[in-house]
Amino acid sequence: MSIVHLTSGREFAIESGSSILDAASSAGIALPYSCRTGRCSACKALVRRGQTRSLTDETGLSPEEIERGWILTCVRTAETDVELDTEDLGGITLPQPKTLPCRIAELEKLAPDVVRVKLRLPPTSAFSFIPGQYINVIGANGLRRSYSLANASHVEKLLELHIRAVNGGAMSDYWFNHARTNDLLRLNGPLGTFFLRGCANTDIFFLATGTGIAPVKAILESLTQMHEEQLPRSVTVLWGGRKPEDFYMDIAAIPGKHRYIPAISRHNEGWTGAKGYVQDILLSTAPDLSNSAVYACGSDNMIHDAKKLLSDAGLPLERFYSDAFVSSGNI
C-alpha cells in the first residue's frame, strides 16, 4: 500500500496494480480523464517524487514527456509513496457511472458520414450527467464505443449522440447499415471530465473538429441555464472541417451569446469564411489568453498542437481542457 500526494494537499491510498485514476476515484477524489486507455493525455500528471509503473503503453505521451517525468494516471500505478503535480477537480462531484438498457428513439442522417442518434432511457432510470461528458454504447457481442453527449438536458430521458462513419468500423457498420428505431442497446456512463469549470468574467474559447462539436453543443445549451453572475465574459466557438459540408448543424442558431467561426482546412473555391486550422485561427485573432480558458474536442493532432501553441502564447496550462477522439484500437 502506497500513498499518492497531490499538490492541492489531498492524498489517497493505492494498492500496487491499481491505476492512480481508479484509486483516486475510490477515495472520492476526482482527477481529470478522458479515454482511460493511455491514448490521449487528459489525465497527464508530473511525478515530483516517488516511483510509478506503467500498466500499459502510454501512447498519449511523447518520449520527451516521459523523460521529463510525465505520466498518465489512467494507466500508471504507484510503487512507492508518490507526489504528483496534477489538477484535482476540488469540490466537483462526478455523477456515478452506471450501466443501463436503452432503445434507439430516433436516427437521422445529418451528413453523408454523420448520423444523429437519440437513445431513450427507461422511464424509471436515474441517470444524470454534466454537459460535455460521454457514454460508452454497448452493442452486440459486447462491442462498445465512446460517444460524447450532445444535449445538456435529459428531462425527456433522451440522450443525443453525433456519430461519424469510420471506414471498416464494426460499430459504424451497425449505425449506418443495420440500426433501426427501437433497437435495444446498453450504455455505460457518464464518463470523462470535459465540462465547464468556473468561468465567471472569463473569455471562453471552444475548439472543435468533426463530431467534436457534440459536447460543445451540450455545453453551449447549458450556458442558457446559468445565472448571470456565473456566465463568462465572452464565448467563441471555432469549428474545423475539411469542406463546407462538414458543418452539419448551425451552431449560430443555438440560443445564447456566442461568436461562431467555421473554418475549412482544404482549398475550396466557393468558401468565403475562415481557412486553416482552428488553433491557428484563434491565435490570429490575438486574444488575451491570460484571462481565458480553452476547451478543445476532436482530433488528437489538433488538441496536442493547440495545447502547445496556446500555452506558448500565454494560456495557463491549467486552463486548457480537452477531450481527444482516439481510435478504438480495434474495429
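## Exercises on a predicted model

The end C-alpha atoms of residues 97–197 lie 20 Å apart, and this span is 9% helix and 46% strand. The UniProt record, an unreviewed entry, places the feature "domain: FAD-binding FR-type" at these residues, 97–197. The structure is a predicted model, and the exercises below work through its helices, its backbone and its aromatic rings.

**Exercise 1.** Determine which residues of helix H3 (residues 170–178) are buried, and work out how they are arranged around the axis.

*Solution.* Begin with accessibility, for which buried means under 20% relative accessible area: in H3, this applies to Met-171, Ser-172, Tyr-174 and Trp-175. Next consider direction; these residues cover an arc of only 160° around the axis, and therefore lie on the same side of H3. Finally, look for what covers them: the elements include strand E8 (98–111), strand E9 (114–120) and strand E10 (134–138), together with strand E11 (144–148), strand E12 (158–164) and strand E13 (184–191).

**Exercise 2.** Describe the length of helix H6 (residues 300–312), then separate its buried residues from the exposed ones on the other side.

*Solution.* Start with the length: H6 has 13 residues and spans 18 Å from its first C-alpha to its last, which is close to the 18 Å expected at 1.5 Å a residue. The buried residues of H6 are Met-302, Ile-303, Ala-306 and Leu-310. Because they cover an arc of only 95° around the axis, they are on the same side of H6. On the other side of H6, Asn-301, Lys-308 and Asp-312 are exposed. The cover over the buried residues includes helix H5 (278–284) as well as strand E14 (203–209), strand E18 (292–299) and strand E19 (320–325). As a last step, follow the chain beyond the helix, where H6 is followed by Gly-314, a residue with a positive phi near 115°.

**Exercise 3.** Locate the cis peptide bond between Gly-189 and Pro-190, and place the positive phi values of Lys-157 and Ala-286 in their surroundings.

*Solution.* Keep the usual case in mind: most residues other than glycine have a negative phi, and most peptide bonds are trans. The bond that joins Gly-189 and Pro-190 is cis, with omega at about 5°, and Pro-190 is found in strand E13. Lys-157, although not a glycine, has a positive phi of about 60°; it is found in the loop between E11 and E12 and counts as partly exposed, at 21% relative accessibility. Ala-286, also a residue other than glycine, has a positive phi near 50°. Ala-286 is in the loop between H5 and E18, and its relative accessible area of 65% makes it exposed.

**Exercise 4.** State how many aromatic pairs the structure holds, and characterise the pair of Phe-127 and Phe-129 along with the charges placed over the rings of Trp-70 and Phe-195.

*Solution.* The count is nine aromatic pairs. Phe-127 and Phe-129 form one that is tilted, with 6.2 Å from centre to centre and 45° between the planes; the tilted class follows because 45° is neither under 30 degrees nor over 60. Both Phe-127 and Phe-129 are buried. Ring pairs also link Phe-194, Phe-206, Tyr-295 and Tyr-321 into a cluster. Turning to the charges, the charged end of Lys-44 sits over the ring of Trp-70, 4.6 Å from its centre, while that of Arg-197 sits over the ring of Phe-195, 4.7 Å from its centre.

Key:
Residues numbered from 1 in each chain as written. Predicted model: local features only at pLDDT ≥ 70, side-chain atom pairs only at ≥ 80, totals over all residues. Heavy atoms only, no water. Buried < 20%, exposed > 50% of the residue type's maximum accessible area, 1.4 Å probe, protein only. Helix = DSSP H or I, 4+ residues; strand = E, 2+ residues; numbered from the N terminus. Arc of directions from axis to C-beta. Contact = heavy atoms within 4.5 Å. Expected span 1.5 Å × (residues − 1). Phe/Tyr/Trp six-rings, centres within 6.5 Å; stacked < 30°, edge-to-face > 60°. Lys NZ or Arg CZ within 6 Å of the ring centre and 35° of its normal. UniProt positions renumbered as here; feature names shortened; annotations may be inferred.
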